[in-house]
Amino acid sequence: MRVLLNDGASRDIREEDILYFSSYKNAIFVHTKEGEFVLPTTLSDLLAAYKGNGFERLDRSNVVSLNQIDCYDSERKIVTFQQGEQFATVSEPNEPRLKRFLASRTKDSSESSK
């Protein structure tokens, strides 16, 4: 995927490096472990393109790679990623779907370790 840097230059990033996409003031950002980059598209287009690859909309302002989620804080309604420094919000209507996914992931990992 080609993204824009702050100086206007472009850069390619790999799908597996994407933590989540977010929207702020009519701009779309892609968040990776290395930082955030501007993406010239919409969240709806991103969800349509990446839904089959494990990405879901958890809030109106983000599309998250479910496989990159490290943990879910149900009190704060946020998901965090491996280093815990970046997070994405979860809307109340999307919370049950997220919990089902995380429960199935936990079940799958415990069955595969047997």
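# Exercises on a predicted model

In this predicted model, Q82 touches L19, K33, Q68 and D70, residues up to four places away in sequence not being counted. The exercises below begin with this residue.

## Exercise 1. The setting of Q82

Task: Determine where Q82 lies and whether Q82 is buried, partly exposed or exposed.

Solution.

Step 1. Locate the residue. Q82 belongs to the loop that runs between strand 9 (78–81) and strand 10 (87–89).

Step 2. Classify the residue. The relative accessibility of Q82 is 38%. Partly exposed residues lie between the limits of 20% and 50%, and Q82 therefore counts as partly exposed.

Step 3. Relate Q82 to T41. The two residues are 41 residues apart in sequence, and their C-alpha atoms are 26 Å apart in space.

## Exercise 2. Strands 6 and 7

Task: Describe how strand 6 and strand 7 pair, and explain why strand 6 is largely enclosed.

Solution.

Step 1. Establish the pairing. Strand 7 covers residues 62–65 and pairs with strand 6 in the antiparallel sense, over three bridges. For E56, the bridge partner in strand 7 is V64.

Step 2. Examine the connection. Two residues stand between strand 6 and strand 7, and the two strands form a hairpin.

Step 3. Consider burial. Strand 6 spans residues 55–59, and four of its five residues are buried, so the strand is largely enclosed by the rest of the structure.

## Exercise 3. Two buried polar residues

Task: For N62 and T32, state the strand, the accessibility class and the backbone nitrogen that the side chain reaches.

Solution.

Step 1. Begin with N62. This residue is part of strand 7. Its relative accessibility is 1%, so N62 counts as buried.

Step 2. Follow the side chain of N62. The backbone nitrogen of L58 is reached at 3.3 Å. Beyond its neighbours within four places in sequence, N62 is in contact with Y20, F21, S22, L43, R57, A88 and T89.

Step 3. Turn to T32. This residue is found in strand 4. With a relative accessibility of 0%, T32 counts as buried.

Step 4. Follow the side chain of T32. The backbone nitrogen of E34 is reached at 3.1 Å. Leaving out residues up to four places away in sequence, T32 touches I13, D17, I18, L19, F37 and Q86.

## Exercise 4. Salt bridges

Task: State how many salt bridges the whole structure contains, and identify the residues that salt bridges with shared partners join into one network.

Solution.

Step 1. Recall the principle. Side chains of opposite charge can pair when their charged atoms come close.

Step 2. Give the total. A search of the whole structure finds eight salt bridges.

Step 3. Examine the partners of R14. A salt bridge connects R14 to E16, with the closest N and O atoms 3.4 Å apart. R14 also meets D17 in a salt bridge, at 3.1 Å from N to O. D17 has a relative accessibility of 23% and counts as partly exposed.

Step 4. Examine R76 and D73. These residues form a salt bridge in which the closest N and O atoms are 3.8 Å apart. R76, at 56% relative accessibility, counts as exposed, whereas D73, at 24%, counts as partly exposed.

Step 5. Identify the network. R14, E16 and D17 are joined into one network by salt bridges that share partners.

## Exercise 5. Aromatic pairs and nonpolar cores

Task: Characterise the aromatic pair of F21 and Y50, and name the elements that give two or more residues to the largest nonpolar core.

Solution.

Step 1. Count the pairs. The structure holds four aromatic pairs.

Step 2. Describe the geometry. The rings of F21 and Y50 are 5.6 Å apart from centre to centre, with 45° between the planes, and the pair is tilted.

Step 3. Place the partners. F21 in strand 3 (residues 18–24) and Y50 in helix 1 (residues 43–50) are 29 residues apart, and the pair links distant parts of the chain. Both residues are buried. Together with F55, they form one aromatic cluster.

Step 4. Describe the core. The largest nonpolar core has 14 residues, and F21, V30 and L46 have the most contacts inside it. Two or more residues each come from strand 3, strand 4 (27–32), strand 5 (35–39) and helix 1. Helix 1 gives the most, with four residues.

Step 5. Note the other core. Apart from this core lies another, of 13 residues, including L19, Y20, L66 and A88.

Methods
Residues are numbered from 1 along each chain as its sequence is written. This is a predicted model: local features need pLDDT of at least 70, side-chain atom pairs count only at pLDDT 80 or more; totals for chains, interfaces and linings use all residues. Side-chain values use heavy atoms; hydrogens and water are left out. Buried means under 20% relative accessible area, exposed over 50%, partly exposed in between (1.4 Å probe, protein chains only). Two strands pair if DSSP finds at least two bridges between them. A salt bridge is a side-chain nitrogen of Lys or Arg within 4 Å of a carboxyl oxygen of Asp or Glu. A polar contact is a pair of N or O atoms within 3.5 Å; within protein, one must be able to donate a hydrogen and the other to accept it, and residues adjacent in sequence count only if both atoms are side-chain atoms. Contact means heavy atoms within 4.5 Å. Rings of Phe, Tyr and Trp (its six-membered ring) pair if their centres lie within 6.5 Å; planes under 30 degrees apart count as stacked, over 60 as edge-to-face and the rest as tilted. A nonpolar core is a set of buried Ala, Val, Leu, Ile, Met, Phe, Trp, Tyr and Cys residues joined through side-chain atoms within 4.5 Å.
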